[in-house]
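These are my notes from going through the model entry by entry. I put the chain as a whole before the contacts between chains, and the charged pairs at the end.

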Amino acid sequence: MSDQSSPAHPVESLLNSAMAFLKHYPPFDEMDEANLRYLCGHLSLAYYPTGTEILTSGHGLPPYLYIVQRGAVQLRPSAGYHVSGANVLALGPGECFSVYALMEQRAVGSPYTAVADTFCYRLPAKIYAELLHRSQRFQEFSTHYLRSLLRDSRRLIQMHSASAAAEQHAMNKNLCELSARTPIACAADTSLEEALRRMHQARVGSIVVINADNEPIGIFSRSDVLDRVTLARRALTDPISIVMTPKPVTIGGEATAYDAALLIATHGIRHLPITDNGKLIGVVTERDLFALQRVSARGINRTITQAGNADALEQAGRDVQTFARTLFSQGVSAEQLTNLITTLNDALSQRAVVLVQKDHDLRGISWCWLTFGSEGRQEQTVSTDQDNGLVFSVGAGVDVEQARARLLAFAQAVNAQLDRCGFPLCLGQIMAGNPRWCLSLNEWQAQFADWVNNTNPEALLNSVIFFDFRALTGDEGLAIALREYLNQLVPDNTRFLRQLAQYALEVKPPLGLIRDFVTEETEDKSSFIDLKKSAGRLFVDAARVMALGTGITATNTASRIRAAGGLLKMSEADIGSAVDAFFFIQQLRLRSQLSSDEAERAVANRIVPETLNEIDRRILKESLRQARKLQSRLQLDYQL
Amino acid sequence: MSWWSDLAGRRPPLSSAQTAALKAFVSMPACDQTIEIEAQRFVVVDVESTGLNLSTDRLIAIGAVTVSNGAIQLDQGLDVVLQQAAPSAVDNILIHGIDGTTQTTGKDPAGALLEFLAFIGNSPLVAYHAPFDRSMINKATKTYLGMTLNNPWLDLAFIAPALLPEMAKGKQGLDDWTRAFEIVNTNRHNAVADALATAQLLLVLISRANQENAVSLRDLIKLEKAQQWLTR
């Protein structure tokens with residue numbers, strides 16, 4: 001019989017009530033059953049009427065991990081700082097606090113306050129610690145809390161334009177979910193009449209031409225009818241294959257709407273067949289995507305590529321900035337946004353080159369327009385100075401100096417054009433119009449070898465800027481040859497790599513021992529952190545050393561960390577955290593740039609930590625810690 | 001011998017361990033009704049029975065949840081089903097969801113009730129429409145253990161309107177109150193789930209009581225009495 005009843009034994013139905021609730025929320029949704037039971041067996045449920053301060057610094061080490069069951073809890077900004085209401089994030093059902101304080105074994109900074117009548121599950125700190133050992137999922141959640149905070153931060157930004165949330169969600173959906181329509185397709189020998197009738201009946205703007213294996217081999221769209229059929233006086237009995245655009249650009253079904261928008265912008269197309277293992281499964285159109293975002297990437301791209309003169313291009317330059325601002329306010333992530341900005345800026349620069357080239361005779365010269373620095377790394381934020389150059393080679397019988405003179409005239413005109421489009425001239429004169437940076441392939445190679453072999457401060461600074469080069473337009477083969485040359489040169493030269501690493505370690509993360517951040521002071525004594533100089537740069541420089549040391553050709557910081565990190569045996573989680581941290585800092589930079597006007601641009605990289613909301617401040621701190629982690633890694637690798 | 005021996009003939013005899021447990025329970029001192037509410041341990045109970053008739057219907061199950069330190073302790077609960085000679089009627093089963101097999105294979109009633117007594121100790125008991133739960137439980141303890149409980153009872157059906165008069169209009173049952181506080185009961189008419197919902201209402205009322213200067217169990221009992229008088 002139950003004489004030895006143990007009242008403290010958890011009761012199944014009580015456990016179930018908590019488990020059923022927690023299973024809806026991360027990280028509990030992915031914890032295994034046994035650990036979740038263990039967790040629920042130690043919970044208590046408490047009530048906090050509106051206005052109660054649930055967890056404050058006065059509690060010292062937090063006694064519990066709190067999980068909101070219902071109601072809402074807000075993190076009040078530290079006293080004395082005026083932060084607008086929108087900057088204060090409310091935690092809702094399923095959200096936890098304070099993982100940070102528990103992980104760091106310290107009191108919370110700002111108080112957590114119930115802003116509605118709230119019930120919270122409470123997990124004793126001791127059990128929380130035990131769970132970190134037991135559940136890998138729980139540990140990941142806690143240690144990589146940065147990631148979940150990032151999501152919160154992004155959500156915060158979205159709150160500024162409430163209607164954007166749904167859009168954002170849709171843009172992150174993969175294409176499979178997005179295009180429910182069965183694609184209209186036909187075989188290559190289908191008559192024009194038949195193909196057009198099918199398009200008309202289905203009321204679609206394009207038809208995909210497929211082979212026997214259902215693989216797209218061509219595409220034909222409504223807008224092709226006029227010039228390829230009507231004006232070309234094709235008979236309607238002709239097969240579609242004569243007029244179709246062969247080898248159409250396609251996209252995989254697992255890609256997101258963002259990726260599709262990017263491709264559409266890059267190629268200036270309207271219809272994008274979606275494939276799964278090469279087989280046609282759908283078509284996503286410009287209009288589908290337009291429905292998802294207010295400003296169109298392709299629209300801007302069209303303005304750019306069709307710009308017939310400097311004025312039109314100048315207008316396009318302004319459009320890019322408006323577009324960036326719109327997307328940013330919709331909570332688009334820094335990675336996606338910088339990709340998009342880079343794509344559009346590339347298109348802008350390419351068009352500028354094309355426009356100017358019409359007036360210049362460059363026959364007999366093979367050339368490639370290079371970009372350096374942040375543009376070379378595809379990390380442009382909104383407006384950045386020009387950093388460009390030219391690499392060229394000449395055919396037999398053409399004099400190098402004569403070719404250079406012709407190229408310089410051309411390049412200076414491009415530089416002036418770019419300046420008008422919103423890319424200011426480079427104060428350091430790193431521009432293709434400068435004879436120093438308009439070099440033949442041989443000259444560039446000699447220059448690179450000189451910097452690598454005779455390291456002096458100036459050479460080091462130059463290598464930092466120039467080794468991040470990327471081909472923008474022209475003969476890409478020249479850029480590839482130059483990259484290959486550099487990759488043979490560097491990995492063997494430990495002295496150079498060591499100095500590059502030393503350079504990367506020059507700036508330390510502005511993390512304070514006592515206060516959160518070490519700040520600089522402006523003229524009027526307000527303290528700030530320079531996000532470019534003392535945050536973003538830490539990642540960029542470390543990633544460069546990692547890439548050059550391992551012979552990775554990528555110039556983009558995130559790509560470098562991902563590719564070289566793998567070769568250097570960094571854990572997946574560490575790589576992910578470093579990349580997230582970098583993007584967060586980029587995101588902060590973007591935010592501060594987009595919210596500042598022309599006059600403030602010089603200080604647009606500065607951020608006053610106190611103006612950040614609590615969550616962003618913590619992420620910034622965590623991000624800087626990730627930078628420190630990368631730096632210690634370099635220190636170890638190069639024994640510095 | 002003692003006061004229960006003369007009833008022994010009409011009941012299955014208790015084992016010596018059960019007798020000792022019962023003895024320990026009845027010899028427990030009464031709880032201190034003057035200590036702060038936060039420090040008080042409450043046991044919120046809900047019973048399921050074969051029906052609503054106090055004289056003919058029998059107790060089937062008791063669900064109990066603990067409130068102490070101002071919170072529901074999810075690691076301390078009780079869920080016992082008393083073994084029945086025959087399962088209750090089908091329409092009754094549909095209410096509480098305790099099927100015939102569970103009813104007939106439940107715990108032996110004396111053992112189950114002793115388990116309940118060990119769980120509650122001298123704590124005050126809380127229920128919504130407490131007289132029903134109280135009667136059902138006392139009837140069962142009388143039958144199987146030959147005694148009734150002396151623990152103080154709180155009835156939230158009176159405490160709630162007493163503390164929240166502005167919200168009381170039109171509210172009759174537990175559901176009316178839990179709905180008002182968005183308390184979710186995923187398993188209505190399961191004894192433990194109902195006790196859990198009642199316990200959440202208790203938390204809300206305790207926090208309200210603090211604002212109204214009702215600081216101890218005794219204050220709450222006074223409030224209840226006054227409210228009973230009002231609605232009489």
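Before counting anything I fixed the terms: helices (H or I, at least four residues) and strands (E, at least two) are taken as DSSP runs and numbered from the N terminus. I also kept in mind throughout that this is a predicted model.

**Entry 1: chain A overall**

With those terms, I read off 25 helices and 22 strands for chain A. I then looked up burial, and 54% of the 640 residues of chain A count as buried. For the contacts in chain A with a separation of 6 or more, I noted that 72% come from residues 24 or more positions apart.

**Entry 2: strand S16 of chain A**

How many of the seven residues of strand S16 of chain A are buried? I found six, and so the strand, which covers residues 365–371, is largely enclosed by the rest of the structure. I took buried to mean under 20% relative accessible area.

I next listed the pairing of S16(A). Seven bridges link S16(A) to strand S17 (residues 388–394) of chain A in an antiparallel arrangement, and within that pairing A:Thr371 has A:Asn388 as its bridge partner. S16(A) also pairs with strand S19 (residues 470–474) of chain A, again in the antiparallel sense, over four bridges; here A:Leu370 is set opposite A:Ala471.

**Entry 3: the interface of chain A and chain B**

I counted 26 residues of chain A in contact with 33 residues of chain B. The two chains bury about 2200 Å² between them, and 61% of that area is on carbon and sulfur atoms. Which three residues supply more of the area that chain A buries against chain B than any other three? They are A:Leu14, A:Leu45 and A:Arg70, with 25% of it.

I looked for salt bridges between chain A and chain B and the count came to zero, whereas the rule for polar contacts finds six residue pairs across the interface, both residues of each pair at pLDDT 80 or more. On the side of chain A that touches chain B, the elements giving two or more residues are helix H1 (12–22), strand S1 (44–48), strand S3 (64–70) and strand S8 (118–124) of chain A. By class, I sorted the residues of that side into 15 nonpolar, eight polar and three charged.

**Entry 4: a sheet that spans both chains**

Following strand S1 of chain A outwards, I found three bridges that join S1(A) to strand S3 (residues 71–81) of chain B, the two running antiparallel. One residue of this pairing is A:Ser44, whose bridge partner in S3(B) is B:Gln73.

I then traced the whole sheet, an open one of nine strands with mixed pairing, in the order S6(A)-S3(A)-S8(A)-S1(A)-S3(B)-S2(B)-S1(B)-S4(B)-S5(B). Which strands stand at the edges? They are strand S6 (96–97) of chain A and strand S5 (153–155) of chain B, each with a single partner strand, so one side of each is left without a neighbour in the sheet. Within chain B, I noted that strand S2 (residues 59–68) and S3(B) pair in the antiparallel sense over eight bridges, with B:Ile62 opposite B:Val80.

**Entry 5: salt bridges**

Over all chains I counted 26 salt bridges. One of them joins the side chains of A:Glu12 and A:Arg37, at 3.0 Å from N to O. A:Glu12 lies in helix H1 of chain A and A:Arg37 in helix H2 (residues 33–40) of chain A, so the pair ties together parts that are 25 residues apart in sequence. Both ends came out as partly exposed, A:Glu12 at 41% relative accessibility and A:Arg37 at 28%.

I also recorded the salt bridge of A:Asp238 with A:Arg234, where the closest N and O atoms are 4.0 Å apart; A:Arg234 counts as partly exposed at 35% relative accessibility.

A further pair is A:Glu622 and A:Arg625, whose side chains meet at 3.2 Å, N to O. Both residues lie in helix H25 (residues 614–637) of chain A, three residues apart, which is about one turn of the helix. Is A:Glu622 buried or exposed? At 12% relative accessibility A:Glu622 counts as buried, whereas A:Arg625, with a relative accessible area of 25%, is partly exposed.

Last, I followed salt bridges that share partners and found one network made of A:Arg377, A:Glu379, A:Asp468, A:Arg537, A:Asp541, A:Arg544 and A:Arg560.

Key:
Residues numbered from 1 in each chain as written. Chains lettered and ligands numbered in written order. Predicted model: local features only at pLDDT ≥ 70, side-chain atom pairs only at ≥ 80, totals over all residues. Heavy atoms only, no water. Contact = heavy atoms within 4.5 Å. Buried area = accessible area lost by both parts, 1.4 Å probe. Polar contact = N/O pair within 3.5 Å; in protein donor to acceptor, adjacent residues only side chain to side chain. Nonpolar A, V, L, I, M, F, W, Y, C, P; charged D, E, K, R; others polar. Pairing = 2+ DSSP bridges. Buried < 20%, exposed > 50% of the residue type's maximum accessible area, 1.4 Å probe, protein only.
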